Amino acid sequence: MNYTFDFKAVIDSWDYLLQGAWLTVQLSIGAMVLGLIVAILCALGKTSGPKPVRWVINAYIEVVRNTPFLVQIFLIFFGLPTMGIRLSPDLAALIAMVINVGAYATEIIRAGIESIQKGQIEAGLALGLRPLQVFRYIVIKPALRTVYPALTSQFILLMLSSSVVSAISADELTSVANNIQSQTFRSFEIYIVVTGIYLALAMMFSALFAGIYKLAFAYDTDRR
Amino acid sequence: MIRAFGYNEFLFLVSAMQWTLALSAIAFVGGATVGLVIALARTSDIKAVRLAATGYIQLFQGTPLLMQLFLVFFGATVLGLDLNPWAAAALGLTLNASAFLGEIWRGCIQAVPRGQWEAASALGLRYPGLMRYVILPQAVKVAVPPTVGFLVQLIKSTSLAAIIGFTELTRAGQIVNNATFQPFLVFGIVAVLYFLMCWPLSLLSARLERRYALATR
């Protein structure tokens, strides 16, 4: 092995890398929040909507889950402009991520909603709560507690898969790495550092989520 | 020069599916072989071995697959090897799949009741025989549905090989799109072809899971 490592190129563009990492975090959080809204609506439609609605939602979920994320990005970024909708790479990336995570999260949330026993809902209605109140106090909070672990690991998966949006040159971490790579040719050094940044982000968020779980959901629900 | 999307372009996409399938098959066989070792290490009695396997899994599950492919691709150059995109993709996906399968199968091995381990060792079986004749045959039953489910993820992951320049289905789509400039049609067909490969596996996995859930109830 007669390769000399040279991390100068990486160190010189440190702030550029941090900007990329910041956009990765922003994209992931933005996509997760919007994706959750999509998922809650779809999960409601799937559990209590009329048949055609259920059918459409099922089709959406199956299509997203059985095609690669990269192809979904290409369809949105290259396909939509031919129909007159022009998107910046960052916006196309965000939309693709929302659509993708929305489908996965729908199934998670649906499982959470179905974990609420019918008797609880009936009890709520019998106490005179309006359906929206029942949903808010009796369905969503315990359901959130059930789905929280799955959703947080979905978030980390989303953040890691966001590196794929570099294929359309959104300005996130992997794209930044690609840019530095094409200017300096220190490929291995750059990608190993960027991989380390992703790993650090993933571990940071895991720790953060574990902390939030302790604070928000550590109440006892096992009294039956 | 812009070509129209015709029968030849469609055939080109369909024939590119064989590379997606070949890459998936290699990554699955390689990933299963290494993954079994990882799963055994992860359930080992020796703490250092267990820790090493945990680290391996966390490393691959905590970093993007795309970065892993880049590192294999460019890392080979560092070591003075000249890996072509095909070999780099196969190696990268194998390593990635081994971590995921290792973690899935760990759960399956641990799902075998403790009494089975104790009974087997009480009968005088040592570790190899205990695993080979008692634990693994029972773990395999639990492992089939999630492993089939993982195959879907693996087939989808092979699309990332397009980014390091291996011509499988997604890359073929890019090539055809560059020539015809009909992205919606081209990537739509690419998506349909992936769907045709993945959906049957998804359905099979869900069905096996239901059957297993019924059998253990």
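Which elements of chain A have the lowest and the highest mean pLDDT? Helix 1 (residues 8-12) of chain A has the lowest, at 82, and helix 3 (residues 51-65) of chain A the highest, at 96; pLDDT is the predictor's confidence in each residue, from 0 to 100. You're looking at a predicted model, where local features need pLDDT of at least 70, side-chain atom pairs count only at pLDDT 80 or more, and totals for chains, interfaces and linings use all residues. Residues are numbered from 1 along each chain as its sequence is written, while chains are lettered from A and ligands numbered from 1 in the order in which they are written.

**Chain A at a glance**
- Chain A has a mean pLDDT of 90, with 96% of its residues at 70 or more.
- You'll find nine helices and zero strands in chain A; helices (H or I, at least four residues) and strands (E, at least two) are DSSP runs, numbered from the N terminus.
- The C-alpha atoms of chain A fill a box of roughly 75 × 45 × 30 Å along the principal axes.
- UniProt, in an unreviewed entry, puts "domain: ABC transmembrane type-1" at residues 21-209 of chain A; its positions are given in the numbering used here, feature names are shortened, and annotations may be inferred rather than shown by experiment.
- That span, residues 21-209 of chain A, is 84% helix and 0% strand, and its end C-alpha atoms lie 19 Å apart.

**Where the chains meet**
- Chain A and chain B each put 31 residues into the contact (contact means C-beta atoms, placed from the backbone, within 7 Å).
- Helix 8 of chain B gives the most to the side of chain B that touches chain A, with eleven residues.
- The residues on that side of chain B split into 21 nonpolar, nine polar and one charged (Ala, Val, Leu, Ile, Met, Phe, Trp, Tyr, Cys and Pro count as nonpolar, Asp, Glu, Lys and Arg as charged, and the others, Gly among them, as polar).

**A spot to zoom in on: B:Glu168**
- B:Glu168 sits in the loop between helix 6 (127-157) and helix 7 (169-180) of chain B.
- B:Glu168 counts as buried because it has 24 C-beta neighbours inside 10 Å (buried takes 20 or more other C-beta atoms within 10 Å of a residue's own, exposed 12 or fewer, partly exposed in between, with C-beta atoms placed from the backbone).
- B:Leu21 is 147 residues away from B:Glu168 in sequence, yet their C-alpha atoms are 8.7 Å apart in space.
- Beyond its neighbours within four places in sequence, B:Glu168 has contacts that include B:Ala16, B:Trp19 and B:Thr158.

Conventions:
Two residues are in contact if their C-beta atoms, placed from the backbone, lie within 7 Å.
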